[in-house]
Amino acid sequence: MIEAIDLDKCTGCGICDEVCPADVIYMEPVAMPDVVDGMHRAKSLPVIKYQQHCVTCFNCELFCPEGIVDVHPSVKNRPRPW
Amino acid sequence: MATNGVHGTHIETDILVIGAGAGGLVAALSAKRAAPPATQVTIVDSWKVGRSGHTAFSNAWTVVVAPDDDLESVTKEIIAGNDFIADQPLIHRVLETSWDRLKDLEGIGLQWPRNEDGSYYRRPTRGLKDTRVMYPVGGGLEFSWKLKRGIEDEGVQILDRFFVTGLMKGDGERVTGAVGVQSRTGEFFAITARATIIATNAITFRTGFVRDLTGTGTLLAYRAGAKLRNAEFSYLRPGTPRFYFEGIAFAIQDGASFVNKNDEQFMLSYEPEWGDRADVPRIARAMAMEKQKGNDPLYLDMSRIDPAKRDFYFSSTVAWMQNFLDKLGDEARTDMFGKTPYYPQNQMTKMGLATDADCRSNVPGLYAAGLAQAGCCNHFAGFHIGMCIGTGWFAGEAAVKDLETLPPAKLDAAEAGALYRETMAPRDDGANAESDNWLLEFQRFTARYDIALWKSADRLEAALQTLGGLRERFAELRAPDNHELVRIKESEAMVLAAEIIFRASLMRQESRMSHFREDFDFRDDDNWLAWIDVEDSGSGPVLTKTPIPTPITHPADLT
């Protein structure tokens with residue numbers, strides 16, 4: 001299950017969001033003061049929005065170009081046959 | 001909002017492929033290549049095409065019959081390996097064309113490991129003598145991505161994040177496309193198409209321990225009039241929630257064994273001939289009976305494996321599996337070769353669309369490929385992808401051929417409005433998202449070994465009653481956002497699937513392949529060499545028996 005994304009090193013490329021097959025990660029705008037009046041300063045960073053729905057596929061970790069996504073391999077919350 | 005109450009995007013195409021696993025990707029490639037110039041082919045997937053689906057997360061082992069192989073022998077042993085629940089002409093054709101498909105995949109850049117002498121690296125697969133399987137470099141991730149790039153280069157329209165919620169029929173009897181929502185924004189869309197290929201995988205109840213995706217297309221096709229079959233069969237395999245592991249066959253070859261709480265190697269008492277080397281459904285059956293006797297926890301004892309061979313189990317050619325093993329590190333080594341409890345898992349149903357040998361369903365304009373197509377019921381290692389590739393190719397070709405007679409599809413205003421309202425019905429901005437709790441309860445119920453694996457009439461009847469209660473509570477669920485709407489729609493398909501599976505399991509009064517009845521614990525070819533077909537009467541499923549033609553091989557051939 002996805003545990004963390006090191007946002008200090010994130011470039012905002014959005015690949016983690018794009019490759020997730022479970023709609024877990026959302027690129028969301030970060031509020032920042034404009035440098036020039038009238039020129040909206042746009043930046044997005046990933047948010048782990050639905051961690052409980054992660055299917056531990058590792059796509060986000062594998063395809064992050066900066067290597068800053070941490071997915072733990074243990075599987076949680078899956079029913080057993082007994 | 002328009003006066004008919006619908007608001008969204010309308011896309012027009014000639015051939016629509018729903019689902020971008022092996023079946024769908026190959027169907028799109030096949031259709032584009034077979035079609036006359038300027039034919040529009042569109043592929044949609046709930047998530048990112050080429051980066052999602054069971055194919056992408058697999059090793060992508062596939063059966064390939066080389067020119068020097070004995071095609072007839074391979075065909076017969078695969079059919080027998082399915083306990084004869086198999087479309088024999090279709091399987092023969094899939095195998096016969098597998099070498100050509102290998103060349104097509106190489107043509108789009110997929111590489112396959114070779115031996116030092118230049119021949120392809122191939123392995124036998126569990127329990128079969130002449131069948132050989134091979135895998136592409138990079139496994140499923142490379143397979144899916146190279147195919148995505150391949151179809152993109154050939155001009156297939158690729159639409160990511162299109163979650164389909166219904167099939168259209170216009171004002172007639174043929175399928176004219178699909179509707180759904182963009183899986184992130186929730187925007188409604190309708191795609192009209194002359195031919196629609198369902199390639200959405202089989203239904204799962206998301207009970208696999210990892211990467212538990214599910215597909216709803218088979219149930220949408222059912223509601224559009226398509227006949228389904230093989231609901232009583234499943235993909236059963238032992239697994240552990242501690243880590244994902246796909247090397248059980250190799251581990252057993254190297255000395256591993258299933259043991260119970262008393263350290264007894266119990267498989268020989270259930271499978272005197274094969275023991276631990278039995279096919280995975282038989283292992284699951286034995287584990288269920290051990291549990292019934294109170295001999296659990298059960299383990300895969302890998303401590304017997306020679307330490308010199310253990311490193312093999314910590315390497316994989318598939319990037320995410322290697323990542324998985326690296327991150328577990330010492331924990332994996334301890335668990336894997338220690339006492340890790342194993343369970344028999346029912347990972348997915350084998351229920352799919354009944355089709356002809358060209359993958360046409362009984363509904364004009366509707367085709368099926370991949371595991372959404374019910375060509376067989378036991379996709380042992382290598383045959384999942386093998387069947388997906390074959391049926392994908394045939395479905396694409398059949399759709400193109402039928403374009404000669406399928407008229408352009410028109411978006412019907414009344415139908416679009418009705419499907420829009422049906423799709424959006426659970427949306428309520430003020431509601432709480434509560435489907436997770438409902439789903440966990442549903443999964444705990446459907447995963448029970450004495451319902452999912454080791455069945456009986458009384459337990460299945462009781463399960464139908466329990467399902468009724470779950471269905472009533474499900475109807476009350478609402479979605480405050482699009483994320484929850486998609487989850488609810490997936491769960492809706494699971495409820496319908498569960499009913500069909502229980503009813504088909506009740507009807508088949510024998511045990512065969514992965515369908516095990518405690519009260520009919522024998523195979524009955526005289527009465528049950530047949531498919532159980534399921535159709536929607538409008539007020540519930542209607543089940544009928546269809547004898548299975550055996551032109552290539554019959555059970556009597558094996559005696």
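Let's start in chain B of this predicted model, where the axes of helix α16 (residues 457–474) and helix α17 (residues 482–507) come within 10 Å and cross at roughly 160°. Angles over 145 degrees count as roughly antiparallel, so α16(B) is roughly antiparallel to α17(B). If you turn the model to look at the pair, you will find that α16(B) passes α17(B) in a left-handed crossing.

Which residues make the contact between these helices? From α16(B) come B:A457, B:L460, B:A463, B:L464, B:L467, B:L470, B:R471 and B:F474. On the other side, α17(B) contributes B:S491, B:V495, B:A498, B:E499, B:F502, B:S505 and B:L506. Sorted by character, the residues of this contact comprise 11 nonpolar, 2 polar and 2 charged.

Now let's move over to chain A. Here you can pick out 2 helices and 4 strands, and following the chain from the N terminus on, you meet them in the order β-α-β-β-α-β.

What about the overall form of chain A? Along its principal axes, the C-alpha trace spans about 60 × 20 × 20 Å. The radius of gyration of chain A is 15 Å, whereas a compact globule of 82 residues would have one near 12 Å.

Two further values help to fill in the picture of chain A. Of its 82 residues, 34% count as buried. And if you take the contacts in chain A between residues at least 6 apart in sequence, 63% of them join residues at least 24 apart.

Methods
Residues numbered from 1 in each chain as written. Chains lettered and ligands numbered in written order. Predicted model: local features only at pLDDT ≥ 70, side-chain atom pairs only at ≥ 80, totals over all residues. Axes fitted to C-alpha atoms, helices over the stretch in contact; angles between N-to-C directions. Parallel < 35°, antiparallel > 145°, perpendicular 65-115°, else oblique. Left-handed = near helix turned anticlockwise from the far one by under 90°. Contact = placed C-beta atoms within 7 Å. Nonpolar A, V, L, I, M, F, W, Y, C, P; charged D, E, K, R; others polar. Rg over C-alpha atoms; globule rule 2.2 N^0.38 Å. Buried ≥ 20, exposed ≤ 12 C-beta atoms within 10 Å, placed from the backbone.
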